[in-house]
Amino acid sequence: MFEILKQLFSISSNDEKPQTCCLCCGDCCEAFGGHLHASENDKERWRREGREDLLARINRLDWIWVDPETKQPLERCPFITSIPENRKICAIQDTKPDICRDYPTLAHEKRCLHGFFM
Ligand code: SF4
Ligand code: SF4
């Protein structure tokens, strides 16, 4: 929760400075949230935390997120949550997958979908 509040209140109003914060538009989650992979670290953490609900959303090849019953991949991450002012946040922020924590990676030059440096 602290991370979310920090993000919400860290939006720069100075256009001359490079944008270095997240706008919580959710576009990266919408674009990539249906193509994620759970790491060994994720699975171990979710077991430790008793997150059977998250473990049930992994298929046998560790792709996430899948329907817990059918194990069919979902097209959209089920944890994208809309909040006021057209913003979106992660409903599992405190224990979201490593792949989401690491985004944007060095391969993306640490810039998100909208070019913001993180
Ligand atoms: S696309 Fe960029 S600004 Fe939008 S939520 Fe993702 S990281 Fe934040
Ligand atoms: S798990 Fe959270 S951070 Fe990852 S795609 Fe879904 S909403 Fe976004």
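How many helices and strands make up the secondary structure of the protein? In this predicted model, the count comes to 5 helices and 4 strands. Along the sequence these elements are arranged in the pattern α-α-β-α-α-β-β-β-α. Of the 118 residues in the protein, 31% are buried. Among contacts with a separation of 6 or more, 50% join residues 24 or more positions apart. The accessible surface amounts to about 7900 Å², and carbon and sulfur atoms contribute 54% of this area.

The largest nonpolar core contains 13 residues. Trp46, Leu54, Ile58, Ile64, Trp65, Phe79 and Ile92 are the members with the most contacts inside this core. In soluble globular proteins, nonpolar side chains tend to be buried together. With residues up to four places away in sequence left out, isoleucine 64 touches His35, Leu36, His37, Ala38, Trp46, Arg57, Ile58 and Pro97. Two of these partners, Trp46 and Ile58, are also listed among the core residues with the most contacts.

Two ligands are present in the model, and the residues around each can be described in turn. The shell of ligand 1 is formed by Cys22, Leu23, Cys24, Cys25, Gly26, Cys28, Cys112, Leu113, His114, Phe116 and Met118. By class, this shell comprises 9 nonpolar residues, 2 polar residues and no charged residues. One of its members, cysteine 28, is partly exposed, because its relative accessibility is 24% and the buried class requires a value under 20%.

Methionine 118, also in the shell of ligand 1, lies in the segment after helix 5 (98-101). Its relative accessibility of 34% falls between the limits of 20% for buried and 50% for exposed residues, so methionine 118 counts as partly exposed. Methionine 118 and cysteine 22 are 96 residues apart along the chain, yet their C-alpha atoms are separated by 7.5 Å. Both residues belong to the surroundings of ligand 1.

Ligand 2 is surrounded by Cys29, Gly33, Leu36, Cys77, Phe79, Ile80, Cys90, Lys96, Pro97 and Cys100. This shell divides into 8 nonpolar residues, 1 polar residue and 1 charged residue. Phe79, in the shell of ligand 2, is also one of the residues with the most contacts inside the largest nonpolar core. Leu36 and Pro97, likewise in this shell, are among the residues touched by isoleucine 64. Cysteine 100 has a relative accessibility of 26% and therefore counts as partly exposed.

Cysteines occur in the shell of ligand 1 and in that of ligand 2. A search of the whole structure nevertheless finds 0 disulfides.

Note on methods. Residues are numbered from 1 along each chain as its sequence is written. Chains are lettered from A and ligands numbered from 1 in the order in which they are written. This is a predicted model: local features need pLDDT of at least 70, side-chain atom pairs count only at pLDDT 80 or more; totals for chains, interfaces and linings use all residues. Side-chain values use heavy atoms; hydrogens and water are left out. Helices (H or I, at least four residues) and strands (E, at least two) are DSSP runs, numbered from the N terminus. Buried means under 20% relative accessible area, exposed over 50%, partly exposed in between (1.4 Å probe, protein chains only). Contact means heavy atoms within 4.5 Å. Accessible areas come from the Shrake-Rupley method with a 1.4 Å probe; for residues, only the protein chains shown count as cover. A disulfide is a pair of cysteine sulfur atoms within 2.5 Å. A residue is near a molecule or strand if one of its heavy atoms lies within 4 Å of it. Ala, Val, Leu, Ile, Met, Phe, Trp, Tyr, Cys and Pro count as nonpolar, Asp, Glu, Lys and Arg as charged, and the others, Gly among them, as polar. A nonpolar core is a set of buried Ala, Val, Leu, Ile, Met, Phe, Trp, Tyr and Cys residues joined through side-chain atoms within 4.5 Å.
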